[in-house]
Amino acid sequence: MSAKFQPPRLIIVMGVAGSGKSSVGEALARRLGGVFLDGDSYHPAANIEKMSRGEALTDADRWPWLESLARAMAEREGVVIGGCSALRRAYRDRITATAGEPVLFAHLAGSKELIWQRMSARKNHFMPISLLESQFATLERPAVDENAIEVPIDGSVTDIAAEIAARRTGR
């Protein structure tokens, strides 16, 4: 007798700055009846200050932030969507290990040109466009053996959220 498939309740909407993590994450949470946790809210003040100065974070800066977000997601009941860059496999592995349960990573993939345009249009965000190159340099696209899907960002936020929701359940 086979066990019934249970889609993961924890989902990280991941990608480089400006890819739409917050907008898509919020739309996905509404669609799935879950809650959205913005990873930026879990950064210590020192990380925000560093990025605001145009300095890229180091792994030592990232570990406490990733663990804090993963714990917050795991502590909640029901479907929880997190918005987090999760650019390297090691970061995704750390999130999953800290959460202690399966996490689906939905990689929002787009061209550097499209994301540059989006970042140029943003107002009042601590992440300067000058860090976009370092974001793409750090990005390790999820491998086929990871619990991850890649979703192009050239559609509407509603369509992207719908695609993630459908692919989460294997439909």
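## Helix H3 and its surroundings

In this predicted model, the buried residues of helix H3 pack against strand S1 (10–14), strand S2 (35–38), helix H2 (45–52), strand S3 (80–83) and helix H4 (89–99). The exercises below start from that helix.

**Exercise 1.** Place H3 within the fold: how many helices and strands does the protein chain have, and in what pattern?

*Solution.*
- Count the elements. The protein chain holds seven helices and five strands.
- Read along the sequence. The pattern is β-α-β-α-α-β-α-β-α-α-β-α.
- Turn to the contacts with a separation of 6 or more. Residues 24 or more positions apart account for 75% of them.
- Check burial. Of the 171 residues in the protein chain, 40% are buried.

**Exercise 2.** Compare the reach of H3 with its expected span.

*Solution.*
- Take the length. H3 covers residues 59–75, which is 17 residues.
- Take the reach. From first C-alpha to last, H3 spans 24 Å.
- Compare. At 1.5 Å a residue, 24 Å is expected, and the helix comes close to that.

**Exercise 3.** Work out where the buried residues of H3 lie around its axis.

*Solution.*
- List them. Asp61, Arg62, Trp65, Leu66, Leu69, Ala70, Ala72 and Met73 are buried, each under 20% relative accessible area.
- Look down the axis of H3. These buried residues fall within an arc of 160 degrees, so they line one face of the helix.
- Recall the geometry. An α-helix has 3.6 residues a turn, so residues three or four places apart point the same way.
- Look at the face turned away from the buried side. Ala60 and Glu75 are the exposed residues carried there.

**Exercise 4.** Find the aromatic pair in the structure and describe its geometry.

*Solution.*
- Search the whole structure. One aromatic pair turns up.
- Name the partners. Trp63 pairs with Tyr91.
- Classify the geometry. The centres are 5.5 Å apart and the planes make 80 degrees, so the pair is edge-to-face, a class that needs over 60 degrees.
- Locate the partners. Trp63 is in helix H3 and Tyr91 is in helix H4, 28 residues apart, so the pair links distant parts of the chain.

**Exercise 5.** Is each partner, Trp63 and Tyr91, buried or partly exposed, and which charged end sits over the ring of Trp63?

*Solution.*
- Start with Trp63. Its relative accessibility is 21%, so Trp63 counts as partly exposed.
- Go on to Tyr91. Its relative accessible area is 2%, so Tyr91 is buried.
- Look over the Trp63 ring. The charged end of Arg94 sits there, 4.0 Å from the ring centre.

How values were computed:
Residues are numbered from 1 along each chain as its sequence is written. This is a predicted model: local features need pLDDT of at least 70, side-chain atom pairs count only at pLDDT 80 or more; totals for chains, interfaces and linings use all residues. Side-chain values use heavy atoms; hydrogens and water are left out. Helices (H or I, at least four residues) and strands (E, at least two) are DSSP runs, numbered from the N terminus. The expected span of a helix is 1.5 Å times one less than its number of residues. Buried means under 20% relative accessible area, exposed over 50%, partly exposed in between (1.4 Å probe, protein chains only). The arc is that of the directions from the helix axis to the C-beta atoms. Contact means heavy atoms within 4.5 Å. Rings of Phe, Tyr and Trp (its six-membered ring) pair if their centres lie within 6.5 Å; planes under 30 degrees apart count as stacked, over 60 as edge-to-face and the rest as tilted. A charge sits over a ring if NZ of Lys or CZ of Arg is within 6 Å of the ring centre and within 35 degrees of the ring normal.
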